[in-house]
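Please examine the sequence and the model together. The explanation below is intended to be read with both in view.

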Amino acid sequence: MKTKEDFLNGHILLIDKPLEWSSFQAVNALKWAIRKKFNLKKIKIGHAGTLDPLATGLLVICTGKYTKKIPELQGQVKEYTGTFTLGATTPSYDLETEVDQTFPTEHITETAIKESANQFLGEIAQVPPVFSALKKDGKRLYELAREGKEVDIKPRKITLLEFEITRIALPEVDFRVVCSKGTYIRSLAHDFGKALGSGAHLSALRRTKIGDFNVDNATSPLAFKESLE
């Protein structure tokens with residue numbers, strides 16, 4: 001059983017973030033549970049890498065003195081699995097916004113899908129989605145996007161170490177990606193659709209690994225809370 005000192009001195013918690021929870025909500029749920037259990041006025045707690053509400057999977061959460069390790073953990077290689085839906089795009093590149101354009105998919109073959117995936121391997125320039133929490137002129141991009149403002153976003157260099165197509169059942173394509181810090185899988189979905197002469201958006205996403213940490217060893221926020229009680 002973990003003690004108050006364990007959490008204050010520093011502890012790493014692996015949480016499997018539920019669908020539709022924000023990363024902030026998950027951190028908050030843990031924070032409240034720890035504070036309540038040990039009657040603490042405050043405790044430092046933070047996560048090493050945000051997951052969108054529509055994504056599930058691994059959040060690495062640090063408490064106490066281990067919050068200093070967050071930048072180092074954020075820099076680790078990450079693995080994701082998920083689904084791209086071909087033939088349609090959305091402004092947010094995922095299911096957060098409605099489909100804005102549809103495209104033909106009849107010409108897309110299994111070979112083309114696998115060859116397209118190979119084009120993205122290695123170091124590539126990627127433009128982050130307009131609907132993201134990155135800041136420009138002191139405002140978050142998604143705030144500007146919601147106000148309907150045109151935003152010029154600079155491409156960033158990212159690295160895809162692995163990009164495996166695990167299932168093809170058009171319009172759906174399942175994948176597994178191992179990538180560097182700063183990679184947006186939503187942007188990858190968007191660019192992948194373009195590479196196939198069509199359109200695509202991200203329809204499911206799960207983060208499975210961060211460095212040596214694996215979601216198989218993670219627990220849900222509710223299970224964590226129950227384990228404290």
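What follows considers the strands, the aromatic contacts, the helices and the pocket in turn.

The model is a predicted one, and every value quoted here is computed from it. A convenient place to begin is strand β11, which spans residues 172–179. How many residues of this strand are buried? Seven of its eight residues are, so β11 is largely enclosed by the rest of the structure.

The neighbours of β11 can be identified from its pairing. Strand β10 pairs with β11 in the antiparallel sense, over eight bridges. Within this pairing, isoleucine 168 stands opposite valine 173 of β11. The two strands form a hairpin, and two residues lie between them. Strand β4 also pairs with β11 in the antiparallel sense, again over eight bridges. Two facing positions help to place the register of β4 against β11: glutamate 79 stands opposite valine 178, and threonine 81 stands opposite arginine 176.

Strand β4, residues 78–86, has a further partner. It is joined to β12 by nine bridges, and these two strands run antiparallel. Here threonine 83 stands opposite alanine 204 in β12. Strand β4 thus pairs with β11 and with β12. Like β11, β4 is mostly covered, with eight of its nine residues buried.

One of the residues of β4 leads to the aromatic contacts. A pair of aromatic rings is described by the distance between the centres and the angle between the planes. With which residue does phenylalanine 84 form an edge-to-face pair? The partner is phenylalanine 163, at 6.4 Å centre to centre and with 80° between the planes. Phenylalanine 84 belongs to β4 and phenylalanine 163 to β10 (residues 156–169), so the contact ties together parts that are 79 residues apart in sequence. Burial is assigned under 20% relative accessible area. Phenylalanine 84, at 0% relative accessibility, therefore counts as buried. Phenylalanine 163 has a relative accessible area of 7%, and so it is buried too. These two rings are part of an aromatic cluster formed by Phe84, Phe120, Phe163, Phe175 and Phe192.

The model has eight aromatic pairs by the rule applied here. Another of them is formed by phenylalanine 7 and phenylalanine 38, whose rings are tilted, with 5.7 Å centre to centre and 45° between the planes. Phenylalanine 7 lies in helix α1 (residues 4–9) and phenylalanine 38 in helix α2 (residues 23–38), and the pair links parts of the chain that are 31 residues apart. Both phenylalanine 7 and phenylalanine 38 are buried.

Aromatic rings also meet charged side chains. Arginine 35 lies over the face of tryptophan 32, at 4.6 Å from the ring centre. In a second case, the charged end of lysine 69 sits over the ring of tyrosine 66, 4.7 Å from the centre of that ring.

Strand β3 offers a glycine to consider. Glycine 57 is found in this strand, which covers residues 55–63. With a relative accessible area of 0%, glycine 57 is buried. The C-alpha atoms of glycine 57 and serine 23 are separated by 10 Å, while the two residues are 34 apart along the chain.

Helix α6 is mostly covered, since eight of its eleven residues are buried. Among them are Ile185, Arg186, Leu188 and His190. Phe192, a member of the aromatic cluster, is likewise buried in this helix. After α6 comes glycine 197, which has a positive phi, near 65°.

The final feature is the largest pocket. Rolling a probe the size of a water molecule over the atoms shows where empty space is left. The largest pocket has a volume of about 970 Å³. Which residues of its lining are the closest to its centre? Of the 32 lining residues, they are Thr50, Leu51, Asp52, Ala133 and Tyr184. The elements that give two or more residues to this lining are α2, β4, α5 (141–146), α6 (185–195) and β12 (200–210). By class, the lining has 13 nonpolar, ten polar and nine charged residues. Several elements described above thus return at the pocket: β4 and β12, which are joined by nine bridges, both contribute to the lining, as does the mostly covered helix α6.

How values were computed: Residues numbered from 1 in each chain as written. Predicted model: local features only at pLDDT ≥ 70, side-chain atom pairs only at ≥ 80, totals over all residues. Heavy atoms only, no water. Phe/Tyr/Trp six-rings, centres within 6.5 Å; stacked < 30°, edge-to-face > 60°. Helix = DSSP H or I, 4+ residues; strand = E, 2+ residues; numbered from the N terminus. Buried < 20%, exposed > 50% of the residue type's maximum accessible area, 1.4 Å probe, protein only. Lys NZ or Arg CZ within 6 Å of the ring centre and 35° of its normal. 1 Å grid on protein atoms, 1.4 Å probe; cavity = no way out; pocket = protein on both sides within 12 Å on 5 of 7 lines; lining within 4 Å. Points joined across faces, edges and corners; volume = space filled by probe spheres on them. Nonpolar A, V, L, I, M, F, W, Y, C, P; charged D, E, K, R; others polar. Pairing = 2+ DSSP bridges.
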